[in-house]
Amino acid sequence: FTSTLVCRMFRDNASVPVLWKRFPIPAMEISQDDGLDRLLSVLKLPRFRKIQHLDLDSVYMTTMKVIKGKLRLNSPDDLTKFLEILDVASKLPLTWLNLSYNHLPSVFVSFPEILSRLILNIPHVDLFATCRGHVYRDSSDFIGDFLDNFTEASVLHTVDLGDCALDTLPTNL
């Protein structure tokens, strides 16, 4: 009985969200090994509701993905799952979000408001190489949209646009 009580107390204490606020969730590994469904379920765990840093680098890449070491085509359901992941991320108290190497112009074409709202409400966002090798118009529309919506009320302080196609942005931004 005592060991059960100790185990229960340890589990309860170890599940306190504040203890997990800086835990580095291995999102790329989870998504590549087990898929976006599993990553979504991990992000929804109550212990991660106070997480401040989220690295979603290479989670939703082009039209191909690697799962358990095999190259496969993304399904339309993958876009839906990625949007759900972004929705969960938008509800977290994030101070840093890494969306580098994701196929964000394809998300922007269908759901522009989701990305802009997410990016503008986090102090530091990495978007390295999110807009390279894609149709340049989609890239400049994506970057231009959130820059257009940037106001004094925006939380965003720093954005990394390294290796993005910036030469197609309008000059009036």
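**Talking through a predicted chain**

Buried residues, meaning those under 20% relative accessible area, make up 40% of the 173 residues in the chain. This is a predicted model, where local features need pLDDT of at least 70, side-chain atom pairs count only at pLDDT 80 or more, and totals for chains, interfaces and linings use all residues. Residues are numbered from 1 along each chain as its sequence is written, and side-chain values use heavy atoms, with hydrogens and water left out.

Reader: Why is Ala 129 called buried?

Author: Happy to explain! Ala 129 has 5% relative accessibility, so this residue counts as buried. Ala 129 sits in the loop between strand E5 (124-126) and helix H7 (136-148); helices (H or I, at least four residues) and strands (E, at least two) are DSSP runs, numbered from the N terminus.

Reader: And why is Tyr 101 called partly exposed?

Author: That label covers values between the buried limit and exposed, which is over 50%, with a 1.4 Å probe and protein chains only. Tyr 101 has a relative accessible area of 32%, so the residue is partly exposed.

Reader: What makes the phi of Tyr 101 worth a look?

Author: Phi of Tyr 101 is near 60 degrees, a positive value in a residue other than glycine. Ala 129 also has phi near 60 degrees, and Ala 129 is not glycine either.

Reader: Which part of the chain holds Tyr 101?

Author: Tyr 101 belongs to the loop between strand E4 (96-98) and helix H5 (104-110).

Reader: How many helices and strands does the chain have?

Author: The chain has seven helices and six strands.
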